Amino acid sequence: MTPALSITGLEKTYGNGFQALKGIDLEVAQGEFFALLGPNGAGKSTTIGIISSLVAKTAGKVSVHGIDIDEDFPGAKKFLGIVPQEFNFNVFEKVEDILVQQAGFYGIPLKTARERTDHFLDRLGLAEKRNVTARMLSGGMKRRLMIARALIHQPKLLILDEPTAGVDIEMRRSMYDFLREINAAGTTIILTTHYLEEAEALCRNMAIINHGKIVTNTSIRELLRDLTKESFVLDCLAPLPELISVTDFNVIKRDEHTIEVQIEKGQDLAQAFDGLREQGVKVLSMRNESNRLEQVFVNVLEQNA
Amino acid sequence: MNAYEQYIAFMTLVRKEIRRYLRIWTQTLLPSAITMSLYYLIFGNLIGSRIGEMGGRSYMEFVVPGLIMMAIVTNSYSNVVSSFFGAKFNNSVEELLVSPVPNYIILWGYIIGGVSRGILVAVIVTSVSLFFTSLDIYNLLIVVAVVTLTSILFALCGFINAVYANSFDDISIVPTFVLTPLTYLGGVFYSLDLLPEFWANVSRANPLVYVVNAFRYGVLGVSDVNIAFAFAMIGGFTVIAYAYCMHLLRTGKRLRS
């Protein structure tokens, strides 16, 4: 099957000589929910800028659903919906007008544009704000407006550049549900985010970009499998004994009710629990010391620094 | 995009542009009506009555076509420069740039926005002028052609200014320091015949001279310059400006990184 996005040898050097991309190869299959991760300035937004035509590439090939952007960029753009990091609509226009106009720019007749506008305003909880000027919307509503705008021409590939930045938890969760729903309906989604738990919750595959190069491109499951060490924080019922240790495990007492257990790859967590139980420790709850994907992310970046 | 889709995109952009200037009509339509009324009253009526004839017509008759053309030039220019720079400033221009709309549709969308405002203001100031003088159109075809070509030309100039502008100051520099002086020195208020030969020849390097005189010829049948040459100049400038605007859009200069 033709990939939703295919990038080969993509390079970008800006006018000031800064090389933002140093030969990126990336392929995202149709139907994917794909995470493109990387620290600030790694090249994520430049890559998205090139795909959306806002940045001119220096070298390389980009195809959207098999259409080479050098040969037929307008054709490729029809498949593409972009939700940028920064708000980029006219804040003095009405919410409804922003969507109807965007539909018009894709050649969608007014009647259909209005029907789709109604649909997406309703689905994204903006129906009551349709006649409000965009500047009156909250930050979360503005993000949802940009998602609605990106979907108005029913693209097959949706690229979201940090769509939940500054969005509260409740709103973020409803946004996740919506994105899962459209992904299940067949829209390929590429997500860049700094919330790694977001990528872990939503995406199957991911690539990490650093210093303009793809340093990892694999499934999230595979990546987590490579995690060699994990730390768990255990909240305990009774005050802990003065000295506490479990054979083969590194156990650190944090305070009277909390211990940290470090587990190497291949070790059985149940053994650690057995050891603690023998010392009369009753565990109330357990959580990861940090997000597992975050640990992998940091490891990968350190290896490729 | 097929032809029908391009038509929809074009009409969307035109509607958006017209809606914009109608929404803020107190800033876009009203000022010209007030300013021109004052010009008619002060220059045409009060001072003009003491000046007597110019170009074989009463001073009021002579000055009205130039003032109408001044309103067209200013409005078609400022509509595009403020709208397109505003879109650049708030990044909403990206809505257009990421869509499959061809460059020429983008350009014509803005041109028609500017032309429509120029013509609407022309209708308003012409209507106001009828309180001060009567206008018998000498050649309607020339009037329509000059108005259309001129508003296209200055809409294109506004587009170029908007592309290069980095701040709102930059979009007022050209109208203030270039457009207004050229308009005032373009024969709106006087005939070139009044100038010494040297300055009359210098004035002929001013494109506004051809615009004002071609329009005055269409309205009164009076002109300081050859009408065919005036059309050639306006047409030539329009073609050059259009080609340059398309070049800016094609290369993405100051629009894409």
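Select chain A and draw its surface: the accessible area comes to about 14100 Å², and 48% of that belongs to carbon and sulfur atoms. Accessible areas here come from the Shrake-Rupley method with a 1.4 Å probe, and for residues only the protein chains shown count as cover. The model is a predicted one, in which local features need pLDDT of at least 70, side-chain atom pairs count only at pLDDT 80 or more, and totals for chains, interfaces and linings use all residues. Residues are numbered from 1 along each chain as its sequence is written, chains are lettered from A and ligands numbered from 1 in the order in which they are written, and side-chain values use heavy atoms, with hydrogens and water left out.

**Chain A as a whole**

Switch to a cartoon. Chain A has 10 helices and 14 strands; helices (H or I, at least four residues) and strands (E, at least two) are DSSP runs, numbered from the N terminus. Along the principal axes, the C-alpha atoms of chain A fill a box of roughly 75 × 45 × 40 Å.

Colour by burial next. Of the 305 residues of chain A, 52% count as buried, where buried means under 20% relative accessible area, exposed over 50%, and partly exposed in between (1.4 Å probe, protein chains only). Among contacts in chain A between residues at least 6 apart in sequence, 68% join residues at least 24 apart; contact means heavy atoms within 4.5 Å.

Now show the charged side chains. Chain A carries 35 positive and 41 negative charges, and their mean positions are 6 Å apart. Lys and Arg count as positive and Asp and Glu as negative, while His and the chain ends are not counted. The place of a charge is taken as NZ of Lys, CZ of Arg, CG of Asp or CD of Glu.

**The two domains of chain A**

Select 5–224 for domain 1 of chain A and 229–303 for domain 2. Such bounds come from an automatic or database domain assignment. The C-alpha centres of domain 1 and domain 2 of chain A lie 39 Å apart. At the junction, 15 residues of domain 1 of chain A are in contact with 8 residues of domain 2 of chain A.

**Stops along chain A**

Go to Ser53(A), in the loop between helix H1 (44–52) and strand S4 (59–64) of chain A. Ser53(A) counts as buried because its relative accessibility is 5%. Check the backbone here: phi of Ser53(A) is near 85°, a positive value in a residue other than glycine. Most residues other than glycine have a negative phi.

A second positive phi is found at His211(A), near 50°, again in a residue other than glycine. His211(A) sits in the loop between strand S9 (205–210) and strand S10 (213–219) of chain A. With a relative accessible area of 48%, His211(A) is partly exposed. For a distance label, pick Val28(A): His211(A) and Val28(A) are 183 residues apart in sequence and 21 Å apart in space, C-alpha to C-alpha.

Move to Arg123(A), in helix H4 (residues 110–123) of chain A. Arg123(A) has a relative accessible area of 30%, so Arg123(A) is partly exposed. Not counting residues up to four places away in sequence, Arg123(A) touches Phe178(A) and Glu181(A). Lys44(A) is 79 residues from Arg123(A) along the chain, and their C-alpha atoms are separated by 28 Å.

The last stop in chain A is Thr164(A), in the loop between strand S7 (157–161) and helix H6 (169–184) of chain A. At 2% relative accessibility, Thr164(A) is buried. Show the side chains around Thr164(A): residues up to four places away in sequence aside, Thr164(A) touches Arg172(A), Met175(A), Tyr176(A), Tyr195(A) and Glu198(A). The C-alpha atoms of Thr164(A) and Met175(A), 11 residues apart along the chain, are separated by 8.1 Å.

**Chain B**

Hide chain A and select chain B, which has 11 helices and 2 strands. Read along the sequence, the pattern of chain B is α-α-α-β-β-α-α-α-α-α-α-α-α. The C-alpha trace of chain B spans about 60 × 35 × 35 Å along its principal axes. The radius of gyration of chain B is 19 Å, which agrees with the value near 18 Å that a compact globule of 257 residues would have. That radius is taken over C-alpha atoms, and the globule rule is 2.2 Å times the number of residues to the power 0.38.

Repeat the burial colouring: buried residues make up 52% of the 257 residues in chain B. Among contacts in chain B between residues at least 6 apart in sequence, 81% join residues at least 24 apart. On the surface, the accessible area of chain B comes to about 11100 Å², with 67% belonging to carbon and sulfur atoms. Finish with the charges: chain B has 15 positive and 12 negative side chains, and the centres of the two sets lie 8 Å apart.
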